[in-house]
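Biologist: I'm new to this one. Can you put the model up and walk me through it?

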Amino acid sequence: MPRVFSGIQPTGDPHIGNYFGAMKNYVRLGEEYGKNSIYCVVDLHAITNPAAYDPAQLSKRTFEMAVANFAAGLDPSKVTFFVQSQVPEHHELSWVFTALTPVGELERMTQYKDKSEQLESVPAGLLMYPVLMAADILLYKADTVPVGEDQTQHIELTREIARKFNHAYGETFPEPKAVYAKDALRIPGVDGHGKMGKSKGETSTLGILEPLDSIWQKVRVAPTDPARVRRTDPGDPDKCLIGDYHKLFSDLPTIETVYAGCRTAGIGCVDCKKMLMEGMRRELEPLQARAADLRADPDLVRDALEQGAKEARAIAQPVMEEVREKVGFLKSR
Ligand code: TRP
């Protein structure tokens, strides 16, 4: 039985880029693989980046990320969903892999280079980040890893670590493959400056749990095709981020109407944006209502996460036992 694993950063409010690029994909894979689709909120990874980590916020963000995924349709009774720090085997396997991984390989990772460049003092955890990620995946002997394209290099390293371990200790781990979201079109930020979430602050993102009024305030002022200076100027909806968003949120007849209307100047940008809001409301309102229900019952959410951690450990513990034995640790009696 193939097994799916992915890690989710507990970084505040997930945006529509995360939603279409990752979360919906988890739900879809969950329907296919059931309990063999394993998802984990990676709080151990979160503490490696001093620029993004706040101890006063971490547990809240971890909880919120679980709520967001459950609200988006991930059913914890059907998949395995847990918090990384609640399964200590992740650290344990990570150390064994640390001993196998050449520092030079880690220093070549693009994400490490980008992040460490901005820091005066670089924590070793930032360098080890991909080793912990390899441990996450291989602890469950997962072979399928849904990720963004920016993680390709880390998955390649995971394969290398699996090969190295298998070579040193005998066939143990599969070499996992990355899978990318089917419609992983690059979702532009609402400020018009590149991909959503990549530019600074919240001006580029539309949160899936963000109040719809606040979303409208950003959509209202979002740049459209610069060719449409006046209401009567025709535009190109393929060059407009509102056109891109319609493809995510609107039904086919609406998409056809706004695309044709933009090209002929039959509709103005404000009306086009209002039509987009209808689609967003249809998608996000029920999701936000589910999130509100979950927040009102935190014990339910925490029970689900603890149950998930139990299920994860039931897979992880025998794998760790196998690893300890192969590595040569004296078994405790
Ligand atoms: N590095 C991943 C990211 O930033 C998160 C992650 C941690 C992950 N462990 C993982 C993804 C294991 C897939 C599998 O998105």
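Biologist: Strand E2, residues 37-41: how many of its residues are buried?
Modeller: Five of its five residues are buried, so to speak of E2 as mostly covered is fair. Buried means under 20% relative accessible area, exposed means over 50%, and partly exposed is in between, with a 1.4 Å probe and protein chains only. Strands (E, at least two residues) and helices (H or I, at least four) are DSSP runs, numbered from the N terminus.

Biologist: Before we go on, what kind of model is this?
Modeller: This is a predicted model: local features need pLDDT of at least 70, side-chain atom pairs count only at pLDDT 80 or more, and totals for chains, interfaces and linings use all residues. Residues are numbered from 1 along each chain as its sequence is written, and side-chain values use heavy atoms, with hydrogens and water left out.

Biologist: Back to E2. Which residues point which way?
Modeller: Ser37, Tyr39 and Val41 point one way, and Ile38 and Cys40 point the other way. All of them are buried. In a regular strand, side chains alternate between the two faces of the sheet.

Biologist: Which strands does E2 pair with, and how do they run?
Modeller: Strand E1 (residues 4-8) is joined to E2 by five bridges, and the two run parallel. Strand E3 (residues 80-83) is joined to E2 by four bridges, also parallel. Pairing here takes at least two DSSP bridges between two strands.

Biologist: Which residue stands opposite Val4?
Modeller: Ser37 in E2. On the E3 side, Ile38 stands opposite Thr80.

Biologist: Is E1 enclosed or open, and why?
Modeller: E1 is largely enclosed by the rest of the structure, because four of its five residues are buried.

Biologist: New topic. What sits around Val131?
Modeller: Val131 is found in helix H7. Its relative accessible area is 0%, so Val131 is buried. Leaving aside neighbours within four places in sequence, Val131 is in contact (heavy atoms within 4.5 Å) with Ser94, Phe97, Thr98, Thr101, Leu106 and Ile161.

Biologist: And where is Asp43 relative to Val131?
Modeller: Their C-alpha atoms are separated by 15 Å. Along the chain, Val131 and Asp43 are 88 residues apart.

Biologist: What about the backbone? What is phi at Lys141?
Modeller: Phi of Lys141 is positive, about 50°, although Lys141 is not a glycine. Lys141 lies in the loop between helix H7 (124-138) and strand E4 (144-146).

Biologist: Where is Ala265, and what is its phi?
Modeller: Ala265 lies in the loop between helix H11 (252-263) and helix H12 (269-295). Its phi is near 60°, a positive value in a residue other than glycine.

Biologist: Are those two buried or partly exposed?
Modeller: Lys141 is partly exposed, with a relative accessible area of 26%. Ala265 counts as buried, at 14% relative accessibility.

Biologist: Zooming out, how many helices and strands are there?
Modeller: The protein chain has 13 helices and five strands. Its radius of gyration is 22 Å, close to the 20 Å that the globule rule gives for 333 residues, so the chain is as compact as a globular protein of that length. That radius is taken over C-alpha atoms, and the rule is 2.2 Å times the number of residues to the power 0.38.

Biologist: What does the C-alpha trace span?
Modeller: About 80 × 45 × 40 Å along the principal axes.

Biologist: And what share of the chain is buried?
Modeller: Of the 333 residues, 50% count as buried.
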